[in-house]
Every structure is written in structure tokens, then in C-alpha cells.
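User: I would like to go through the reasoning behind several structural labels. Please set each value against its criterion.

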Amino acid sequence: MADGSLIGLNSLKGKVSEEEWKARVDLAALYRLVALNGWDDMIYTHISARIPGPEHHFLINPYGLFFGEMTASALVKIDLEGNVLQETSYFVNAAGFTIHSAIHAARDDAQYVMHLHTDQGVAVSAQAEGLLPLSQHALIILPRLAYHDYEGIALNLDERERLVADLGDKHAMLLRNHGTLAVGETAGDCWTHMFYLERACKQQVMALSCGRDNVLIAPQASQDEVKRQTSRGVGGFLAWPGCLRRLDRESPGYDA
């Protein structure tokens with residue numbers, strides 16, 4: 001449909017708390033932004049948002065919808081055990097539950113969690129050296145970057161402990177042979193962390209097209225200076241309003 005709404009889906013606006021509705025709108029916006037940037041993988045990969053409150057309930061995509069179709073009302077509310085907490089005809093991706101429940105349970109600051117399978121993200125995750133300090137984008141995200149070794153499709157719940165341990169207090173992660181992950185206290189922070197990671201991966205793939213011996217590694221002093229300059233964050237709150245304006249122009253209906 002032209003406005004991005006889904007047939008037969010009733011709006012939850014006014015039927016959930018204001019806090020939950022805001023989280024729904026921001027999370028739906030993240031899904032639409034991923035689609036607009038060509039970072040989606042059909043119905044696979046996932047983004048989640050914790051609903052404010054003590055219950056550790058969180059929202060995740062209904063399995064089967066494309067990211068460009070996502071709306072605030074379509075998102076599914078679940079708990080840390082994977083129980084669906086609302087009336088819905090959809091179910092959730094089991095691998096998505098494994099990854100996102102682990103991080104939401106362990107990190108109070110990880111209100112939003114995004115996992116992607118982009119070509120460039122998977123390519124760099126499969127490179128032995130990981131992300132190299134080749135660009136300004138890479139230098140910005142490297143101090144915030146962790147790694148997690150591939151254990152197969154994330155269906156085994158016992159992987160959650162290792163995933164959380166590897167993430168530590170970082171805000172971005174390369175899942176080896178798998179893809180990228182980013183977290184943020186706000187949707188804007190999560191988006192900005194992923195934006196820098198994905199852009200850095202794409203730049204690395206392009207730079208290495210000429211061979212590893214012909215690339216220029218940023219001087220260590222410069223790496224240290226960028227780390228100092230960005231120690232207070234990546235400015236997600238500045239970019240987020242513009243991201244929403246872009247959606248209003250190019251992908252309206254996410255807030256339905």
C-alpha cells in the first residue's frame with residue numbers, strides 16, 4: 001500500500017502506554033531505514049527495542065514481514081523467555097530471540113539492538129584481521145567494536161552467555177562469518193553506531209580491492225586522537241530527527 005500500512009492490522013496507538021508507543025515508532029523507523037539503505041536480508045535479521053519499565057519486555061519484528069513493510073503496530077512484544085505478550089497472528093524469529101534476549105537481559109543501556117547480514121559486513125567479518133583502521137569511519141567505531149566467533153545459526157540458548165561476554169561494554173560487534181551488530185541507549189545511537197560500522201566495512205572492502213599491501217593504515221597517533229575526540233559519543237541524537245524526516249518523505253506509514 002502507498003502509505004506503508006498493512007492490510008488487516010489494527011493500530012495500537014492509544015492502546016499501549018506512551019512509552020511503548022514511542023519505542024514502537026522508533027523501532028519501526030529503524031527497520032524502514034535499514035530497507036532504504038539496502039541493508040535488509042529479505043525477512044531475516046532483526047532489530048529490537050526494550051520497552052521502558054522493570055519487566056524487560058521488548059519488541060521485535062514479526063517473522064515474515066519485509067523491513068520496508070514494518071509499522072509500529074506490527075511489532076511483536078515478548079519477554080525474556082520468548083513468550084508473546086499481545087494478540088498477534090505473527091511469531092518471532094528464534095535466532096532473533098536468542099541474540100536479542102541475551103543483550104537486553106545483560107545491558108540496561110542497550111535499549112535498541114540491531115543485527116544485519118550486509119554484503120560488506122559479512123565480508124569484513126570473514127577477514128582474519130577484522131576491521132582495519134583505514135578510514136575515519138573505522139577509527140570512530142573501532143574503540144567501540146567487539147568480536148564474536150561463529151557458532152552456527154543462533155538457535156542454541158547457551159550461546160547467549162558467550163555472546164554477552166564478548167560484547168562486554170562495547171556498542172558494536174562483528175559476528176564472525178555472519179554479520180554486524182550494534183546497540184544504543186536510543187534508536188538514534190543504535191542507528192549511528194551501525195551506520196559507522198557498515199560504512200567502514202564497505203570502505204574496507206573497496207580499499208582492499210587493490211590488495212592488502214597497497215592500503216594505508218592510519219597512524220597510531222591519529223587513531224588515538226580520534227578515540228579521544230569521540231569519547232563522548234557519536235552524536236546519534238543529532239542525526240535521528242533527519243532520519244525520521246527522510247522516512248516521512250520516502251517511506252511514510254512506519255508510525256502507523
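User: Which residues does Met 114 touch, leaving aside residues up to four places away in sequence?

Analyst: The model is a predicted one. In it, Met 114 touches Leu 30, Val 34, His 46, Ile 47, His 100, Thr 180, Leu 181, Ala 182, Cys 190, Trp 191 and Met 194. Each of these counts as a contact because heavy atoms lie within 4.5 Å.

User: What makes Met 114 stand out in the largest nonpolar core?

Analyst: This core has 41 residues, and Met 114 belongs to the group that touches the most other members, together with Leu 27, Leu 30, Trp 191 and Trp 240. At least two residues each come from α1 (18-36), β1, β2, β3, β4, α6 (187-207) and α8 (236-250). Helix α1 supplies the largest share, ten residues. Apart from this core lies another, of 16 residues, including Leu 139, Ile 140, Leu 197 and Cys 201. In soluble globular proteins, nonpolar side chains tend to be buried together.

User: Why are β3 and β5 called edge strands?

Analyst: The seven strands form an open, mixed sheet in the order β3-β2-β1-β4-β7-β6-β5. The strands β3 (76-78) and β5 (145-148) each pair on one side only, hence the name.

User: How do you know that β2 and β3 are paired?

Analyst: Pairing requires at least two bridges. Three bridges join β2 (residues 58-60) to β3, and the two run antiparallel; therefore the criterion is met. One of the partnerships is that of Phe 58 with Ile 78 in β3.

User: What joins β5 to β6, and do they run parallel or antiparallel?

Analyst: Four bridges join β5 to β6, which run parallel. Ala 146 stands opposite Met 173 in β6. With α5, these strands make a right-handed β-α-β unit.

User: How do you know that Cys 210 is not in a disulfide?

Analyst: A disulfide requires sulfur atoms within 2.5 Å. The closest cysteine sulfur to that of Cys 210 is in Cys 201, 17 Å away, so the two are too far apart for a bond. For Cys 243, the nearest cysteine sulfur is that of Cys 190, at 12 Å, and Cys 243 is in no disulfide either. A search of the whole structure finds zero disulfides.

User: Why is Cys 243 called buried, and why is Cys 210 called partly exposed?

Analyst: Buried means under 20% relative accessible area, and exposed means over 50%. Cys 243 has 12% relative accessibility and therefore counts as buried. Cys 210, at 41%, falls in between, so it counts as partly exposed.

Conventions: Residues numbered from 1 in each chain as written. Predicted model: local features only at pLDDT ≥ 70, side-chain atom pairs only at ≥ 80, totals over all residues. Heavy atoms only, no water. Core = buried A, V, L, I, M, F, W, Y, C linked by side-chain atoms within 4.5 Å. Buried < 20%, exposed > 50% of the residue type's maximum accessible area, 1.4 Å probe, protein only. Right-handed = clockwise from strand over helix to strand, strands pointing away.
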